[in-house]
Amino acid sequence: MSGKRTLLIASGAALALLLAAAALWHFGGSNAARMAGAAPSRCLPAEADAGPGGMVWVPPGRFAMGDTVYPEERSFRDVSVEGFWMDRTEVTNRDFAAFVAATGHVTVAERPVDPALHPHLPPDMRKPGAVVFIMPNDVDGMGDISQWWQYVPGANWRHPGGPGTSIENRDDFPVTAIALEDARAYASWKGHRLPSEAEWEWAARAADPDAPPAHERPTEANTWQGLFPVVNTAEDGFVGIAPVGCFEPNALGLYDMIGNLWEWTDDAWEGRADAHVIKGGSWLCAPNYCMRYRPGARQPQELDLATSHLGFRTIRPAPGPGDAP
């Protein structure tokens, strides 16, 4: 009898755990759906303080670059940065549409994949498209990212979730599904360039060399609340990507340097000719999976792979406010 009783107790505990998990998933899904319908399409106040061309001045300085959470962030490096102007927000759909209208640029995601560069890809992955996050109902461990990332033919900056999705009424959302070539082309059109990794990190630290590493999930950033990737409670008010400027800017006046979207830098990933450094984390970063919502965090990204959680902003090296031209 004692063995049967133990078995019944264990079975009851397992059932209770399963029911609790199901209730949490249902609550998270219901709350996420409710929040998605209530999310704003614009947040940035029209009177927000900014310099010329919607840019913010980042003063020169010296700091210890890096962090200690993941191996690729170590070790700290002493770097110096010259002053520069930086876009106060991530480049938006409106911004990028103006660039495309003026230049006729066709993004990497809108072109077929070059089979010479990727000879082993299956036919569907050679079609124009991008990698899109698709929230699963369940996962079998966290080792296989294809459980929530899928290559979707037809996904691009105009259709970030694939065919049937659009950026209509999303002018103030950051543009995504952008490869490095696209970001560089936009920056060149503006007379700007992409930031180096050091410039980006210095700006994200608000040009404060004494700022301590922040390892806790930030409250003023669009990140993942809940158990990634199956429970999204959307406590920050956004199920997915947020319009630019929905959270408080840092001390320099830069919005969304942490969270919302990863951002391209102009630095190659060490030892890889096919990847560059991206910074800042995204709305998909959570404590149980991706603690990269920090200035010192970094990750490699394939140059020609457009994804639904990656965007960019630009910089313009120039004299600061009050300096002689």
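A disulfide is a pair of cysteine sulfur atoms within 2.5 Å. With that in mind, welcome to this predicted model, which holds one disulfide.

## The disulfide and other cysteines

The bridge runs from Cys-43 to Cys-246, with an S to S distance of 1.9 Å. The torsion about its S-S bond is about 80°, so the disulfide is right-handed. Where do the two cysteines of the pair lie? Cys-43 sits in the loop between α1 (2–38) and β1, while Cys-246 belongs to the loop between α4 (197–204) and β7 (262–268), so the bond ties together parts that are 203 residues apart in sequence.

Is Cys-43 buried, partly exposed or exposed? Its relative accessible area is 25%, so Cys-43 is partly exposed. Buried means under 20% relative accessible area, and two further cysteines fall under that cut-off: Cys-285 is buried at 1% relative accessibility, and Cys-290 is buried with a relative accessible area of 7%.

## A sheet of three strands

Let's turn to a sheet. Three strands form an open sheet in the order β1-β4-β11, and their pairing is antiparallel. Here β1 and β11 stand at the edges, each with a single partner strand, so one side of each is left without a neighbour in the sheet.

On one flank, strand β1 (residues 55–58) pairs with β4 over four bridges in the antiparallel sense. Val-58 has Phe-84 of β4 as its bridge partner. On the other flank, two bridges join β4 to strand β11 (residues 315–316), again with the strands running antiparallel. Across that second pairing, the bridge partner of Trp-85 is Arg-316 in β11, and Met-86 stands opposite Ile-315 in β11.

Strand β4 (residues 84–87) is covered on both faces. Phe-84 and Met-86 are buried on one side, and Trp-85 and Asp-87 are buried on the other.

## The nonpolar core

In soluble globular proteins, nonpolar side chains tend to be buried together. In this model, the largest nonpolar core has 39 residues. Which of them have the most contacts inside the core? They are Phe-84, Met-86, Phe-96, Trp-264 and Phe-312. Phe-84 and Met-86 are the pair already met on one side of β4.

Several elements give two or more residues to this core: the strands β1, β2 (61–65), β3 (77–81), β4 and β7, and the helices α2 (93–103), α3 and α4. The most comes from α4, with five residues.

## The largest pocket

If you are browsing for openings, the largest pocket has a volume of about 1000 Å³. It is lined by 41 residues, and the closest to its centre are Val-131, Gln-301, Glu-302, Leu-305 and Thr-307. The lining divides into 25 nonpolar, eight polar and eight charged residues.

Which elements supply at least two residues of this lining? They are β5 (129–133), β6 (149–153), α3 (180–190) and β9 (299–302). Of the elements, β9 gives the most, with four residues.

## The loop between α4 and β7

This loop, already met as the home of Cys-246, holds several other residues worth a look. Pro-218 is found there, and at 25% relative accessibility Pro-218 counts as partly exposed. Pro-218 and Ile-258 are 40 residues apart in sequence, yet 8.2 Å apart in space, C-alpha to C-alpha.

Pro-229 also lies in the loop between α4 and β7, and so do Asp-256 and Asn-260. Both Asp-256 and Asn-260 have a positive phi without being glycine. Are these two residues buried or exposed? Asp-256 is buried, with a relative accessible area of 6%, and Asn-260 is buried, with a relative accessible area of 0%.

A cis peptide bond joins Phe-228 and Pro-229. Another cis peptide bond joins Arg-74 and Ser-75, and Ser-75 lies in the loop between β2 and β3.

The table gathers the backbone angles.

| Site | Feature | Angle |
|---|---|---|
| Arg-74 and Ser-75 | cis peptide bond | omega about -5° |
| Phe-228 and Pro-229 | cis peptide bond | omega about 0° |
| Asp-256 | positive phi | phi about 60° |
| Asn-260 | positive phi | phi near 70° |

Note on methods
Residues are numbered from 1 along each chain as its sequence is written. Side-chain values use heavy atoms; hydrogens and water are left out. Buried means under 20% relative accessible area, exposed over 50%, partly exposed in between (1.4 Å probe, protein chains only). Two strands pair if DSSP finds at least two bridges between them. On a 1 Å grid over the protein atoms alone, a cavity is a set of points where a 1.4 Å probe fits but cannot get out, and a pocket is an open set with protein on both sides within 12 Å along at least five of seven lines; lining residues have an atom within 4 Å of a point. Grid points are joined across faces, edges and corners, and a volume is the space filled by probe spheres set on the points. Ala, Val, Leu, Ile, Met, Phe, Trp, Tyr, Cys and Pro count as nonpolar, Asp, Glu, Lys and Arg as charged, and the others, Gly among them, as polar. A nonpolar core is a set of buried Ala, Val, Leu, Ile, Met, Phe, Trp, Tyr and Cys residues joined through side-chain atoms within 4.5 Å.
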